[in-house]
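Open the model in a viewer and keep the sequence panel in sight. The stops below say what to select next and what is there.

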Number of protein chains: 2
Amino acid sequence: MARGGRGRRTFSPVALVTLGGGGPPASARERLTVVSPIDPTSTGFLLAENRNMPMHVGGLQLFEKPDGAGDDYIREMYEAMSDVDELAPLFLKHPYRSVRTGGQLVWKPDLQFDAHHHVRHSALPAPGRYRELFDLCSRLHSTRLAWERPLWESHIIEGLADGRVALYTKTHHALVDGISAMRLLQSVLSTDPDRRGMPAPWAATPSKPRSSPPAADPGHGLTDIPISALRSALGLTAEAAGLPGALVRTLSQGVRNETSAVSFHAPRTIFNQSITGARRFAAEDWPTERLRAIGKATGTTINDVVMAMCSGAIRAYLIELDALPAAPLVAMVPVGLNAKQSQHASADGGNAVGAVMVQLATDRSDPGERLRAIHDSMAAGKEALSSMTPVQIMAMSALGQAPMILAPLLRMQGIVRPPYNLIISNVPGPRTTHYWNGARLVGTYPLSIPINGMALNITCTSYDGQMAFGLTGCRRTVPHLQRLLGHLENEVVALERAAGVA
Amino acid sequence: MARGGRGRRTFSPVALVTLGGGGPPASARERLTVVSPIDPTSTGFLLAENRNMPMHVGGLQLFEKPDGAGDDYIREMYEAMSDVDELAPLFLKHPYRSVRTGGQLVWKPDLQFDAHHHVRHSALPAPGRYRELFDLCSRLHSTRLAWERPLWESHIIEGLADGRVALYTKTHHALVDGISAMRLLQSVLSTDPDRRGMPAPWAATPSKPRSSPPAADPGHGLTDIPISALRSALGLTAEAAGLPGALVRTLSQGVRNETSAVSFHAPRTIFNQSITGARRFAAEDWPTERLRAIGKATGTTINDVVMAMCSGAIRAYLIELDALPAAPLVAMVPVGLNAKQSQHASADGGNAVGAVMVQLATDRSDPGERLRAIHDSMAAGKEALSSMTPVQIMAMSALGQAPMILAPLLRMQGIVRPPYNLIISNVPGPRTTHYWNGARLVGTYPLSIPINGMALNITCTSYDGQMAFGLTGCRRTVPHLQRLLGHLENEVVALERAAGVA
């Protein structure tokens with residue numbers, strides 16, 4: 001029936017059963033479409049969504065064109081990304097609910113998949129600075145994905161003054177979490193600059209033979225884990241079904257008990273308000289070497305330094321707005337667990353995630369002192385985590401996975417003190433340079449999900465010697481979010497001075 | 001609560017009643033929000049909408065920058081368009097349904113209106129040809145407007161190689177029809193190239209004093225009619241409530257009665273299939289003088305020539321696809337009625353619209369013969385229209401206003417022969433050059449609504465000595481739609497030759 005647009009092939013949903021012959025009428029076709037259940041966690045993400053809380057994660061990747069790339073390079077990149085023979089089932093399904101499904105939300109393959117809806121060629125207004133790129137990403141990240149189509153969108157963006165190509169991709173949290181989404185994108189990359197004919201991330205490709213087990217090379221191995229393993233490893237499976245109940249009990253105890261090692265009284269801040277659907281995104285990266293030097297000189301970890309940068313930047317930002325509370329802010333920090341700690345770590349390598357509450361010491365004016373306090377708080381939190389029962393860890397881990405499910409349960413807008421003030425994640429990425437059909441990946445930045453009561457999210461990820469900071473906030477609740485970038489840079493300099501490595 | 005983004009003013013809904021003091025909690029605020037009923041026609045447009053049939057009309061306008069415009073001109077234009085103090089209520093309301101409204105759809109003012117969601121600054125990929133512009137407009141026109149926000153979007157688009165600025169605006173048909181939308185945009189324009197400080201089309205401005213009654217200068221007057229008058233004049237009011245029933249009766253008679261003067265048996269064509277949500281848009285204009293010369297030499301009207309151009313182009317297009325039916329195609333052509341003909345013409349000037357079925361003579365190979373046949377068919381249709389009762393005219397007029405309500409009622413996909421093959425509209429616009437803050441409007445093109453069974457829509461409008469053709473189709477059902485532009489040009493040349501004016 002439907003013709004291929006511009007002479008392109010049409011997509012045939014992988015999981016579709018059809019009658020033979022000329023094809024059944026639409027109603028019969030619908031009955032015969034194979035629908036599949038949506039696990040409770042994903043259902044939660046779908047149902048928690050509203051105009052003010054789109055539930056998609058985003059990724060921004062910057063590529064440098066290969067030497068000798070022609071004028072049509074970006075268009076060819078777009079054509080290669082959109083002209084895919086067959087899609088991975090993940091990218092073909094959309095949520096569907098009807099009387100026929102008993103009112104239950106189910107996944108249904110899109111019978112009229114339109115690649116041009118999902119893969120788009122965009123451009124930046126002049127002068128093509130990163131400001132214009134972040135504006136576009138903010139705008140794209142503000143808009144909800146329509147349930148009537150598969151829950152993802154990718155934009156190949158040209159017009160950067162420095163000649164780079166940007167790729168913004170958004171994917172619903174019901175499909176993948178932010179880290180999985182970034183890894184999925186990276187999974188199609190290669191360390192070989194001369195390799196060509198590489199598939200788009202959403203293409204259905206025969207699984208590549210693994211050269212080494214993922215644990216052997218943490219930098220490299222991340223890109224070799226199949227997405228199904230990533231999903232289960234990160235707890236986004238049906239196993240997570242019972243979490244919210246246990247979680248609320250654990251967290252309520254933490255909120256009531258001031259002496260709890262895992263939770264503090266967090267002060268009220270501008271970040272802990274109801275949010276709107278408007279987003280502001282900003283990103284930047286710093287050489288990991290600078291952060292490592294600070295850590296080495298002070299006996300702290302790179303992760304501690306990342307937290308201290310965030311702490312100092314947030315302190316400066318709130319002082320500018322005359323909105324710094326007297327009590328220190330508390331960050332919820334997802335941390336990796338080893339297989340021993342986590343009973344539900346997957347057999348594929350143990351990527352399960354727990355969460356630690358970290359006091360950010362925003363009440364102290366000395367950068368060195370802040371770093372020390374954060375290091376101690378982080379160590380205490382990890383210590384507490386190691387003494388927790390698997391159920392408690394599972395409960396904490398859901399904090400990282402499903403804060404948006406949690407928030408309505410706790411009526412976060414109503415409670416006097418939020419359990420924490422913001423979420424700061426730091427997830428290691430590939431350590432070596434990667435390429436997509438000869439285009440060098442020069443930066444990769446996550447866009448996360450602000451929720452009611454948590455208007456700012458900071459997600460960091462390392463890649464090829466750089467530590468990238470992706471800041472996603474509600475544009476109205478967190479004004480001038482982009483100023484945090486300048487404060488982060490100031491804080492690195494201050495920490496270098498405090499550590500005596502400047 | 002919500003802060004103004006980037007220090008901008010926030011918008012306060014005009015029709016909102018709030019309690020005094022610090023403001024009530026959200027639930028109380030919701031109860032106090034003034035909702036307003038949605039008239040049945042608009043409700044019909046909202047309910048008929050689905051992924052495959054977005055119910056918005058679009059307009060593409062091209063501007064030439066004024067002499068001496070700086071590098072920041074387009075950005076300043078965007079700022080001026082998005083930085084509006086107060087919005088017209090039309091652009092602040094969104095559809096809303098809840099238990100509290102008894103399950104009824106109502107209009108509700110948007111309490112968190114975000115100008116940056118609705119007014120956007122976009123850019124074209126290189127090389128910035130009209131092909132890239134049409135691609136972007138096609139894509140923007142394919143996506144549904146979310147009901148959770150006011151039902152409009154406007155894109156100020158830069159990056160055209162010829163330095164022009166494009167403005168694409170989409171507005172839900174529940175707010176305005178396509179012609180009203182274009183007039184609304186034009187209503188803020190001026191014939192004075194030196195005038196500055198002009199408002200955005202969506203700004204709430206004190207109504208301008210009218211220098212002359214609209215009827216006095218048909219070219220100019222169109223832009224002076226307030227939108228409320230346009231809406232009622234075009235029948236988009238509650239008066240239209242009873243139409244669909246009467247319409248179906250009349251049309252069913254037409255379909256059954258082969259000898260009816262207002263309806264013919266239309267052949268099945270590729271245009272008369274179920275459609276998808278993918279859109280293709282293409283547009284071009286021709287000097288009205290060329291069309292007038294053909295009409296003058298052949299004793300036909302400009303409108304006849306427009307129809308003949310469409311007929312010849314469609315014939316060539318279908319021959320290329322080996323899909324030309326033996327019987328001639330039938331077009332539904334909305335025509336203006338004078339106040340005497342139409343009982344429900346508004347007091348403001350009588351803009352009511354009826355519809356005529358025109359046989360396009362696509363079975364004839366000679367361009368001159370086609371023009372003659374179309375002229376005769378059009379004259380017969382208008383004659384029939386003048387002899388119709390007001391109820392019949394009202395019924396026919398609903399064809400132009402609400403084909404998408406009609407289509408499901410008739411189960412258009414199921415009936416063997418469609419009542420007509422496509423809709424061709426030709427609506428006169430301003431005759432003089434218009435400006436927005438010094439930027440000269442050089443072209444204005446309508447984007448219409450393909451529906452199931454009517455995959456192609458051609459809407460023409462005149463402006464400043466040019467006749468613009470806007471072609472909107474389902475990308476999959478009407479492949480290579482843009483080829484129709486070349487065929488239209490070939491047909492003008494063929495008609496000029498036939499008329500002896502080449």
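**First stop: a histidine in chain B**

Select B:His487, which sits in helix α15 (residues 483-499) of chain B. Helices here are DSSP runs of H or I with at least four residues, strands are runs of E with at least two, and both are numbered from the N terminus. The model is predicted, so local features need pLDDT of at least 70 and side-chain atom pairs count only at pLDDT 80 or more, while totals for chains, interfaces and linings use all residues. Residues are numbered from 1 along each chain as its sequence is written, chains are lettered from A and ligands numbered from 1 in the order in which they are written, and side-chain values use heavy atoms, with hydrogens and water left out.

Is B:His487 buried or exposed? With a relative accessibility of 11%, B:His487 counts as buried; the class covers residues under 20% relative accessible area, exposed means over 50%, and partly exposed is in between (1.4 Å probe, protein chains only). Leaving out residues up to four places away in sequence, B:His487 touches B:Ala313, B:Ala316, B:Tyr317 and B:Glu320. A contact means heavy atoms within 4.5 Å.

**Second stop: the nonpolar cores**

Next, select B:Leu60, B:Trp202, B:Ile458 and B:Phe469. These touch the most other members of the largest nonpolar core, which has 117 residues. Such a core is a set of buried Ala, Val, Leu, Ile, Met, Phe, Trp, Tyr and Cys residues joined through side-chain atoms within 4.5 Å. Helix α11 (residues 302-320) of chain B gives the most to this core, 10 residues. The core lies between domain 1 (38-205) and domain 2 (240-429 + 446-499) of chain B, because both give residues to it; the domain bounds come from an automatic or database domain assignment. Another core, of 115 residues, lies apart from it and includes A:Leu167, A:Ala266, A:Val305 and A:Leu484.

Stay with B:Trp202 and show its neighbours. Among the residues it touches, not counting those up to four places away in sequence, are B:Met81, B:Phe91, B:Trp152 and B:Leu185.

**Third stop: cysteines**

Select A:Cys460 and A:Cys310. How many disulfides are there over all chains? The count is zero, where a disulfide is a pair of cysteine sulfur atoms within 2.5 Å. A:Cys460 is in none, and the nearest cysteine sulfur, in A:Cys310, is 4.9 Å away. A:Cys460 is buried, at 0% relative accessible area. In chain B, the sulfur of B:Cys460 is 4.9 Å from that of B:Cys310, its closest cysteine sulfur, and this is too far for a bond. B:Cys460 is buried too, with a relative accessible area of 0%.

**Fourth stop: a serine in chain A**

Select A:Ser377 in helix α12 (residues 367-386) of chain A. A:Ser377 is buried, with a relative accessible area of 10%. Add A:Asp304: the two are 73 residues apart in sequence, yet 9.7 Å apart in space, C-alpha to C-alpha.

**Last stop: both chains**

Now show chain A whole. It contains 15 helices and 15 strands, and 60% of its 502 residues are buried. Of the contacts in chain A between residues at least 6 apart in sequence, 79% join residues at least 24 apart.

Then bring in chain B. A turn of 180 degrees with a shift of 0.0 Å along the axis lays chain B on chain A with an RMSD of 0.0 Å, which is the relation of a two-fold axis. The copies are superposed by least squares on the C-alpha atoms of residues with pLDDT of at least 70 in both. To find the rotation axis, select B:Ala123, the residue of chain B that comes closest to it, at 2.5 Å (C-alpha). The copies meet through the same surface, because 100% of the interface residues of chain B are also interface residues in chain A.
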